[in-house]
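Visitor: I should like to learn how to read the packing of helices in a protein model. Would you guide me through an example?

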Amino acid sequence: MYMANRGSRYRAWRCTSWLTADRVVVYSCAMLLAAGVLTALWATMSHGFTTRDVIRPGSDFAVFWTASDMTLHGHAASVYDSRAFAHAQYALLDQFQSGMFLPWLYPPTMLLFVAPLSLVPFLPAYFLFFAGSFLCYAHALRTLTGLRVLLPRPRLAALVVLAYPAVFIAFMQGQNSIATAGIAALALVHLDRRPIVAGLLISLLAIKPQLAVLFPVALIAARAWRAFAAAAVGTVAFVCASLMISGTGAIHGAIHAVSSVQSYHLMRSAAYWDASPTTFAALRLAGAPLSIAYAMQFAVAMLAIASTVGVWRRTRDLRLRAAVLAIATLLTTPYLWHYELTWLGIAVFCLVAYGLEAGWLPGDQGVIVLAWLLPVFELCNRVLHAPQFGPVVLLAVLFVVVRRAALVPREL
């Protein structure tokens, strides 16, 4: 009787569907067109990306390529020496630089991850890195969400993923967030059938530890012990291998890098907060004291963690599990840039597929569209300096996922 009542209540809550499969494709094509126009304007204003006082595509990738070159030449630990790293950047990539030095702010595990990049010249490495990252991201999302069978044509799923604004932003900046989100999604794809593979994929997220903190929580909640063990062993092996390349001195450099990030980005950088969709950034921009901002960030993180445990214990539906894990990851960390909203794409596409298949609940479609557009707002807000409402959108997406899971019969 209880299940029957729940099913009838779910049907009663359904609303008119205006976010249809056909419109998803149309909106995606419109976004791709807008991205193409923006790129053309950027190229025109910078005289084919040659003007030195204008940021060029792949500016952040220069950091990875330089670190790779230094690692392959036996100077891995020197990447944490800002003077040595700056000298290497300008010496190796002067024609690609825009007059702005970017330091190395990553753990030693990232050195091992990017080490092969400089085996090929900068521009081919840039495009190959994006192509590989996107193939992983798109394949994982197409498999995880089931969009292939829900759209008018299966091949359109890759186009829809490509049109997600955070993908364009990450590519233009030359960031690794497409790769990290793709690795996370691929791990979830393999979690049930190949838990060891899933665990080893999770261990690769040690390149950005702040994006991996909720995986152990989720695996414990789901009692996925084999994946948990594989992730733990893989992480230890990954860290040890990276230290063999960089040396133990890199540990001190990494600690100093974390301290620099905390001092500059989290404590006194309004320019960073404009493009950071976190509770901490929103409150700091609004003038809240540091203690209040940290306290509210912690409270939101606890809510996100509790939601992750609740959803993972309640249902085995990978779309809901992936969505809550991705959203909770973004809500947990106080250090988040707009290009890392590729992780939000995991939740967006999982919820789109779920809604197209099961029907929409009131408010779901509007929240998903806002989430899809959030990377655009975060990018533009570096100029607009508007109030930071990114965490409000993320919390709304979290509510959508939790409500969906609450209407699903308990499976565990």
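**Helices and their neighbours**

Guide: Let us begin with a pair of helices in this predicted model. The axes of helix α17 (residues 290-314) and helix α18 (residues 318-332) come within 9 Å and cross at roughly 165°.

Visitor: What does that angle say about the directions of α17 and α18?

Guide: An angle over 145 degrees between N-to-C directions counts as roughly antiparallel. The helices α17 and α18 are therefore roughly antiparallel to each other. The crossing in which α17 passes α18 is left-handed.

Visitor: Which residues of α17 and α18 meet?

Guide: On the α17 side they are Q297, V300, A301, A304, I305, S307, T308, V311 and W312. Their partners in α18 are L320, R321, V324, L325, A328, L331 and T332. Sorted by class, this contact has 11 nonpolar, four polar and one charged residues.

Visitor: Why do contact residues in a helix recur at intervals of three or four places?

Guide: An α-helix has 3.6 residues a turn, so residues three or four places apart point the same way. In α17, for instance, V300, A304 and T308 are among the residues that meet α18.

Visitor: At what angle do helix α20 (residues 364-384) and helix α21 (residues 390-406) pack?

Guide: The angle between α20 and α21 is about 145°, and their axes are 9 Å apart. Here, too, the crossing is left-handed. From α20 come D364, V367, L370, A371, L374 and E378, and from α21 come G390, V393, L394, A396, V397, V400, R403 and R404. These residues divide into nine nonpolar, one polar and four charged.

Visitor: How is helix α11 (residues 195-203) placed against α13?

Guide: Helix α11 packs on α13 at an angle of about 40°, with axes 7 Å apart. That angle makes α11 oblique to α13. The crossing of α11 over α13 is right-handed. P195, I196, G199, L200, I202 and S203 of α11 make the contact with R226, A227, A230, A231, G234, T235 and F238 of α13. The contact comprises eight nonpolar, four polar and one charged residues.

Visitor: How can the length of a helix be checked, and what span should helix α6 (residues 122-145) have?

Guide: One compares the expected span with the distance between the end C-alpha atoms. At 1.5 Å a residue, the 24 residues of α6 should span 34 Å, and the end C-alpha atoms are 34 Å apart, which agrees. After α6 comes G146, whose phi is positive, near 80°. The 14 residues of helix α10 (residues 177-190) should likewise span 20 Å, and the end C-alpha atoms of α10 are 20 Å apart, in agreement.

Visitor: Is α10 mostly covered or mostly uncovered?

Guide: Helix α10 is mostly covered, since 13 of its 14 residues are buried.

Visitor: How does one decide whether a single residue, such as F171, is buried or exposed?

Guide: A residue counts as buried when its relative accessible area is under 20%. F171, found in helix α9 (residues 165-173), has a relative accessible area of 16% and is therefore buried. Beyond its sequence neighbours up to four places away, F171 touches Y126, F127, F130 and I178.

Visitor: Which residues does S246 contact, leaving aside its neighbours within four places in sequence?

Guide: S246 is in contact with A76, A77, P108 and L111. This residue lies in helix α13 (residues 225-246). With a relative accessible area of 7%, S246 is buried as well.

Key
Residues are numbered from 1 along each chain as its sequence is written. This is a predicted model: local features need pLDDT of at least 70, side-chain atom pairs count only at pLDDT 80 or more; totals for chains, interfaces and linings use all residues. Side-chain values use heavy atoms; hydrogens and water are left out. Axes are lines fitted to C-alpha atoms, for helices over the stretch in contact, and angles run from 0 to 180 degrees between N-to-C directions. Helices (H or I, at least four residues) and strands (E, at least two) are DSSP runs, numbered from the N terminus. Angles under 35 degrees count as roughly parallel, over 145 as roughly antiparallel, 65 to 115 as roughly perpendicular and the rest as oblique. A crossing is left-handed if the near helix is turned anticlockwise from the far one by less than a right angle, and right-handed if clockwise. Contact means heavy atoms within 4.5 Å. Ala, Val, Leu, Ile, Met, Phe, Trp, Tyr, Cys and Pro count as nonpolar, Asp, Glu, Lys and Arg as charged, and the others, Gly among them, as polar. The expected span of a helix is 1.5 Å times one less than its number of residues. Buried means under 20% relative accessible area, exposed over 50%, partly exposed in between (1.4 Å probe, protein chains only).
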